[in-house]
Amino acid sequence: MTKTSATFAIVILAAGKGTRLKSRRPKVLHGIGGRPLLAHVVAAASKVVPADNIFAIIGYEADKVRAALESSGIGFVLQREQRGTGHAMMEAAEALKGFDHVLVLSGDVPLITGETIARVRDFHLGRGAAMTILTAEPTDPTGYGRIFRKTADGNQTDEVARIVEQKALRNNEAEQREINSGIYAFAVGPLYAHIGKIGTDNAHGEYYLTDVVPLLDKAGEKVVALRAEDSNEVLGVNTRMELAELDAKLRARKARELMLAGTTIFRPETCDIDEDVEIGTDTVIEPCVQLIGKTKIGADCRIRSYSVISNCEIGDKVLIRPGCMLEDSIVRDGAELGPYSHLRPGSDIGEGAHVGNFVETKKTRLGKRSKANHLTYLGDAEIGEGVNVGAGTITCNYDGTNKTKTIIDDGAFIGSDTTLVAPVRVGRNSYVAAATCVTEDVPEDALAIGRAPQANKEGWAKERRARVKKQK
Ligand code: UD1
Ligand code: CA
């Protein structure tokens with residue numbers, strides 16, 4: 001957090017519907033990089049001022065927007081009717097009392113960084129401006145408001161005369177490449193001394209915040225422009241195509257950050273790594289991996305292709321083979337999973353434990369060095385250390401009404417094709433013979449065997465063949 005003597009608030013404009021997305025959901029709640037658009041802007045703003053000094057202007061589906069961002073600790077201002085960006089700032093007047101300056105951001109311009117916001121603030125203070133506009137020169141300026149700078153002796157200055165919206169551009173003006181990013185700094189006094197004079201005589205019949213520029217200029221206040229160093233940062237989302245483009249840019253930026261910090265990512269363009277994901281040094285992420293939500297991965301791990309890991313905590317030296325799906329679970333140091341393991345919420349895989357192919361776990365703790373390597377379902381189970389769970393083992397945890405627990409103590413050996421009808425407990429170091437249906441607790445050091453005795457009918461097959469041949 002940077003300190004200056006002047007007090008700064010940040011207002012984020014987020015009341016609009018986002019008509020061009022053709023969605024029932026408010027635009028700022030559409031997600032990129034695993035977070036709502038507005039959450040990206042709030043995160044950047046929080047790097048510059050404390051959450052108490054941040055206000056989101058909300059309107060369309062205000063309750064949903066507020067609920068989604070409540071935990072960030074920012075304030076909200078309700079703009080009941082969305083009558084334009086100028087009107088939105090009029091509604092913020094009360095919240096801004098007591099602040100010297102306000103930085104204005106857009107809820108639909110999500111790639112903005114804290115550094116750039118701080119640059120706008122510092123430039124604004126340095127130039128002693130009433131209004132500072134962050135501008136850019138993207139390859140295609142269509143759709144944005146265009147900046148018209150003042151000239152002195154035939155040269156452009158950093159002062160701005162007016163901003164013209166796309167629809168109001170005259171023929172030759174459309175070539176003007178410098179655009180308004182919709183990100184500004186204002187001195188609060190001059191802004192509210194003049195904002196009331198904005199009219200609605202434009203294509204949308206709205207109060208445009210951009211119309212305050214000539215008003216400030218006429219009053220002798222200074223309006224200046226500052227070019228963004230990276231025009232990508234000020235790209236806005238108005239359509240689903242732009243949503244996808246910005247998502248890709250954000251994920252490319254995330255992958256680059258991780259690689260610079262010591263994670264290997266092969267074919268990063270095929271991986272989807274959410275903004276909040278953390279990965280340790282020398283971990284290798286193979287192509288086509290999705291890391292979602294607040295997933296945290298330790299050092300020296302290898303995450304092989306086609307694995308989808310959501311909100312998990314993975315220790316160090318973990319190997320996840322191809323095609324695993326992990327959700328809300330913990331995997332401890334040195335564990336090995338997959339191929340094709342499915343950890344459902346509440347799974348806790350112990351140090352050095354193995355979970356193999358077509359094994360599903362849910363609310364289950366698998367102790368240190370325990371193994372469940374093939375075709376198994378472990379639900380609501382507490383499994384100790386050094387346990388071997390044979391192929392095809394099933395915990396029958398659900399009787400159609402209630403879920404109940406299976407406990408397997410340290411060192412137990414569960415033979416293949418065992419069904420454990422919960423609630424049931426298998427004691428320490430005991431054996432369960434293959435194909436047993438365990439319905440009663442097994443004491444320590446015992447053998448549980450529950451299967452029909454086998455009968456061999458000598459010569460049966462040979463006789464059958466002879467019988468069939470005669471019938472033909
Ligand atoms: C605005 C600028 C344009 C600039 C562009 C940059 C104006 C008049 N134009 O146009 O010069 O190039 O941003 O992206 O300001 N909002 C409210 N309340 C309202 C209306 C809008 O909170 O009554 C919010 C929207 O939710 C959005 C932001 O303000 O987050 C910008 O509104 P939008 O309608 O997208 O403006 P643009 O047409 O993109
Ligand atoms: Ca916009």
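These are my notebook entries on salt bridges, two ligands and a surface patch in a predicted model.

**Entry: salt bridges**

I began with a search of the whole structure, and it turned up 30 salt bridges. I picked a few of them to follow up.

My pick to start with was Arg 35, which pairs with Asp 276; their closest N and O atoms are 2.7 Å apart. Where do the two partners sit? Arg 35 belongs to strand E3 (residues 35-36), while Asp 276 is in the loop between strand E13 (272-273) and strand E14 (278-279), so this salt bridge ties together parts that are 241 residues apart in sequence. I then looked up how much of each is accessible. Arg 35 has a relative accessible area of 18%, so I noted it as buried. Asp 276 comes out at 27%, which makes it partly exposed.

Next I turned to Asp 247 and Arg 251, whose side chains meet in a salt bridge at 3.1 Å, N to O. Here both partners lie in helix H8 (residues 240-260), and they are four residues apart, about one turn of the helix. Are they buried or exposed? I found that both Asp 247 and Arg 251 are buried.

Then came Asp 348 with Arg 332, where the closest N and O atoms are 2.7 Å apart. Asp 348 is in strand E26 (residues 348-349) and Arg 332 is in the loop between strand E23 (330-331) and strand E24 (336-337), so the pair ties together parts 16 residues apart in sequence. Asp 348 is buried, with a relative accessible area of 14%. Arg 332, at 36% relative accessibility, counts as partly exposed.

I also wrote down a network of salt bridges that links Glu 137, Arg 149, Glu 178 and Arg 227.

**Entry: the calcium ion**

Which residues coordinate the calcium ion, ligand 2? I found Asp 108, through OD, and Asn 238, through OD1, at 2.6 to 3.0 Å. These two link distant parts of the chain, as they are 130 residues apart. Asp 108 is in the loop between strand E6 (101-106) and helix H5 (114-127), and Asn 238 is in the loop between strand E11 (223-227) and H8. Helix H8 was already in my notes, as the home of Asp 247 and Arg 251. For accessibility, Asp 108 is at 15% and counts as buried, whereas Asn 238 is at 22% and counts as partly exposed. The line between buried and partly exposed is drawn at 20%, so Asn 238 falls on the partly exposed side.

**Entry: ligand 1**

How many residues surround ligand 1? I got 23, and the closest are Gln 79, Gly 84, Thr 85, Glu 165 and Asn 180.

I listed these contacts between an oxygen atom of ligand 1 and the protein backbone:

- A polar backbone atom of Arg 83 is 3.3 Å away.
- For Gly 84, the distance to a polar backbone atom is 2.8 Å.
- With Gly 145, a backbone N or O atom lies at 2.9 Å.

On its own, ligand 1 has 760 Å² of accessible area, and the protein covers 87% of that.

**Entry: a nonpolar patch**

Last, I looked at the surface. Phe 413, Tyr 431, Leu 447 and Ile 449 form a nonpolar patch there, with about 420 Å² of accessible area together. I checked Tyr 431 further: this residue is in strand E35 (residues 431-432), and its relative accessible area of 47% makes it partly exposed.

Definitions and conventions
Residues are numbered from 1 along each chain as its sequence is written. Chains are lettered from A and ligands numbered from 1 in the order in which they are written. This is a predicted model: local features need pLDDT of at least 70, side-chain atom pairs count only at pLDDT 80 or more; totals for chains, interfaces and linings use all residues. Side-chain values use heavy atoms; hydrogens and water are left out. A salt bridge is a side-chain nitrogen of Lys or Arg within 4 Å of a carboxyl oxygen of Asp or Glu. Buried means under 20% relative accessible area, exposed over 50%, partly exposed in between (1.4 Å probe, protein chains only). Donors are N, O and S atoms within 2.8 Å of the metal (3.2 Å for Na, K and Ca); water is not among the atoms, so sites may look incomplete. A residue is near a molecule or strand if one of its heavy atoms lies within 4 Å of it. A polar contact is a pair of N or O atoms within 3.5 Å; within protein, one must be able to donate a hydrogen and the other to accept it, and residues adjacent in sequence count only if both atoms are side-chain atoms. Accessible areas come from the Shrake-Rupley method with a 1.4 Å probe; for residues, only the protein chains shown count as cover. Patches are made of residues with over 30% relative accessible area and no salt bridge: like charges are joined within 9 Å, nonpolar side chains (Val, Leu, Ile, Met, Phe, Trp, Tyr) within 5 Å.
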